[in-house]
2 protein chains.
Amino acid sequence: MIRLEDSIWDSVPLLKAEMMAFEQMLRDEFAGGSFIQAAASELIFRGGKRLRPAMTIAAAHLNQYSQDKAFPVAMAIEAIHTATLVHDDVIDHAETRRGETTIHALHGNHIAIYTGDFLLARGLKQIAKSGLAINDMAKIAGAVEVICTGEVSQYLGRNKLPGYRAYLRRIMSKTGILFAASASFGGYCGDLSEEQMKTLWHFGMRFGAAFQIRDDIIDMDENQKTAGKPTGNDLLEGIITLPVLFAAADKNYRHLLNQFFSSKRDPEKIKSLIRLARELGAMDQTKDILNRQTQRCNQILEQLPDNEGKTMLRKLVQLLEI
Amino acid sequence: MIRLEDSIWDSVPLLKAEMMAFEQMLRDEFAGGSFIQAAASELIFRGGKRLRPAMTIAAAHLNQYSQDKAFPVAMAIEAIHTATLVHDDVIDHAETRRGETTIHALHGNHIAIYTGDFLLARGLKQIAKSGLAINDMAKIAGAVEVICTGEVSQYLGRNKLPGYRAYLRRIMSKTGILFAASASFGGYCGDLSEEQMKTLWHFGMRFGAAFQIRDDIIDMDENQKTAGKPTGNDLLEGIITLPVLFAAADKNYRHLLNQFFSSKRDPEKIKSLIRLARELGAMDQTKDILNRQTQRCNQILEQLPDNEGKTMLRKLVQLLEI
């Protein structure tokens, strides 16, 4: 049932071994139990790349690594992340995610919403049990607040062009903050200094932003598409991605975009909006921004000890390159 | 905007004063801010009796009371409770709660689900910041897991008769555990002993069960109905209440019930199922159980110090009497 695309870790064998062990631990943790536990487990094991746990595990390797400390925190963050995904799916009425039938399509909204709540609570409970300071506990719960705020702000801002800074704020809330928590709590698990944990927080935030920008590119690039949502899905939902934001500097594009948003959404028009954005150079512009963000991630890493932990974190950054 | 039915506290002036001050503190805490904060605030101020905060405040009065310790915990529990209500409403597609348009009817599922998540996170953050031991932090997150498990178990068990013990387990998960947390964390705020906190936990659990049984009676009693859901709403949703469980000891009733569940739900049939349950003595039987539960609550209170805290807790028990 494991769908972990573990070949992505092949070039860093130590991280690969850790990720395999982590997967086994997840499996033990979510084995058996009640219906809701089974539903939660089903969701967790639908896969994904486990980038957030990998970041926690990698950051913990920067100093005094132990699985006993890092795994529960990594698990907690994956549970929280999965909770947000299942609630997203309920909202979007998504029928599939990662190529599989979503839980709400399978079991209905009732099970899906409560399974999300269950996973959220489970994640926060796990964090509480993992010995983090009460302050960090408040930080992770606060991160969930920020994610919700970001999601709602995106929803309220749909079909409207945000400024570049507003766009950045939104992706940092929506995606950045959980990576920031993953990295800095990993630092905690590895007994790093307060200062280093702060550095890791910034690294994670920047990484999350880059991750989202990469997602924006993929949403508009047929060649990059794997399983999941159709090309241009964000446009269809009125979410302004970075390529669209750049293309909309062009007056004519802005006009077409507003026309698209104010009429019935025609898939053919999405294709032409994507083509036009490419012709206007917006995809290249976005890729430049992505490159700049990943370079900045690597620069931040220079402040941290040179060891296998850093090799792992560099590998994670490398995964964002297109 | 305050809908607090504060006349219920008239007979215990000190508790009334506390509840008014608590309401003001809630108001300050949830003032202004982002859209999601405003939505959360809207939900919080739709009222309800604030029984859970009252229980925390009352329990804290058993020894060393201070608002600074008790209010944040009481607020956290009210936030968590409100989160579960809003998710319930999304699931039930409820258009109104407590006589007002529900948030998902007003703003859509998107805002409603994320506002629920936001409130859940806010509550847990607040608990983390209020100095409770990390163990208690895990306990409250665990309580949320239990609530979700109870809700899902009720949903999966709809249209089916549970045993009496399974019924009790379900209402303790669904309703008991948050009252148990309210009472025992109140004890923590009031610097009570571990032993006393345990006693308060049992008290809260028993109180929550009684509260739910009372709700079951109200669901089937037109004279008891105030605002909110129509009489027999639980039956309509396939939820077996205690009067129905007792009535179903009768073979003929069981037959009619199964017939009702397996056909299109006719409101006229609900009326006759309610009437028949009454004729079979099931309402009286349920009231007996409720009385026994509230007596047991009062017995548990005898183990705790005799002071104004206990007067407040007795008042809470008294509110459950029908």
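**Exercise 1. Locate B:Leu280 in this predicted model and classify its exposure**.

Solution. Step 1: in chain B, the loop between α13 (267–279) and α14 (282–301) holds B:Leu280.

Step 2: count the C-beta neighbours. B:Leu280 has 18 of them inside 10 Å. A residue is buried at 20 or more and exposed at 12 or fewer, so B:Leu280 counts as partly exposed.

Step 3: list the contacts, leaving out residues up to four places away in sequence. B:Leu280 touches B:Ala247, B:Asp250 and B:Tyr253.

Step 4: compare sequence and space for the pair B:Leu280 and B:Ala166. They are 114 residues apart in sequence, and their C-alpha atoms are 22 Å apart.

**Exercise 2. Check the length of helix α14 of chain A and find which way its residues face**.

Solution. Step 1: α14(A) covers residues 282–301, which is 20 residues. At 1.5 Å a residue the expected span is 28 Å, and the end C-alpha atoms are 29 Å apart, which agrees.

Step 2: collect the buried residues. In α14(A) they are A:Ala282, A:Met283, A:Thr286, A:Ile289, A:Leu290, A:Gln293, A:Thr294, A:Cys297, A:Ile300 and A:Leu301. Viewed down the helix axis, the buried residues of α14(A) fall within an arc of 130 degrees, so they line one face.

Step 3: relate this to helix geometry. An α-helix has 3.6 residues a turn, so residues three or four places apart point the same way.

Step 4: turn to the other side. A:Asp284, A:Asp288, A:Arg292, A:Gln295 and A:Gln299 are exposed, on the face of α14(A) turned away from the buried side.

Step 5: identify the packing partners. The buried residues of α14(A) pack against α9 (194–219), α11 (242–247), α13 (267–279) and α15 (308–318) of chain A.

**Exercise 3. Judge the overall form of chain A**.

Solution. Step 1: chain A contains 15 helices and 2 strands.

Step 2: compare the radius of gyration with the globule rule. The value for chain A is 20 Å, close to the 20 Å that the rule gives for 322 residues, so chain A is as compact as a globular protein of that length.

Step 3: add the dimensions and burial. The C-alpha trace of chain A spans about 55 × 45 × 35 Å along its principal axes, and 49% of the 322 residues are buried.

Step 4: consider the range of the contacts. Of those in chain A with a separation of 6 or more, 72% join residues 24 or more positions apart.

**Exercise 4. Determine how chains A and B are related and what forms their interface**.

Solution. Step 1: superpose the copies. Chain A falls on chain B after a rotation of 180 degrees with 0.0 Å of shift along the axis, at an RMSD of 0.0 Å. This is the relation of a two-fold axis.

Step 2: count the interface. 33 residues of chain A are in contact with 33 residues of chain B.

Step 3: assign the chain A side to elements. Those giving two or more residues are α2 (35–44), α4 (67–92), α6 (109–129) and α7 (134–156). α6(A) gives the most, with 14 residues.

Step 4: sort this side by class. It has 21 nonpolar, 6 polar and 6 charged residues.

Step 5: compare the two sides. 100% of the interface residues of chain A are also interface residues in chain B, so the copies meet through the same surface.

**Exercise 5. Describe helix α6 of chain B and the residue B:Gly131**.

Solution. Step 1: α6(B) has 21 residues (109–129) and should span 30 Å; its end C-alpha atoms are 30 Å apart, which agrees.

Step 2: α6(B) is mostly covered, with 20 of its 21 residues buried.

Step 3: just after α6(B), B:Gly131 takes a positive phi of about 85 degrees.

Terms used
Residues are numbered from 1 along each chain as its sequence is written. Chains are lettered from A and ligands numbered from 1 in the order in which they are written. This is a predicted model: local features need pLDDT of at least 70, side-chain atom pairs count only at pLDDT 80 or more; totals for chains, interfaces and linings use all residues. Helices (H or I, at least four residues) and strands (E, at least two) are DSSP runs, numbered from the N terminus. The expected span of a helix is 1.5 Å times one less than its number of residues. The arc is that of the directions from the helix axis to the C-beta atoms. Two residues are in contact if their C-beta atoms, placed from the backbone, lie within 7 Å. Copies are superposed by least squares on the C-alpha atoms of residues with pLDDT of at least 70 in both. Ala, Val, Leu, Ile, Met, Phe, Trp, Tyr, Cys and Pro count as nonpolar, Asp, Glu, Lys and Arg as charged, and the others, Gly among them, as polar. The radius of gyration is taken over C-alpha atoms; the globule rule is 2.2 Å times the number of residues to the power 0.38.
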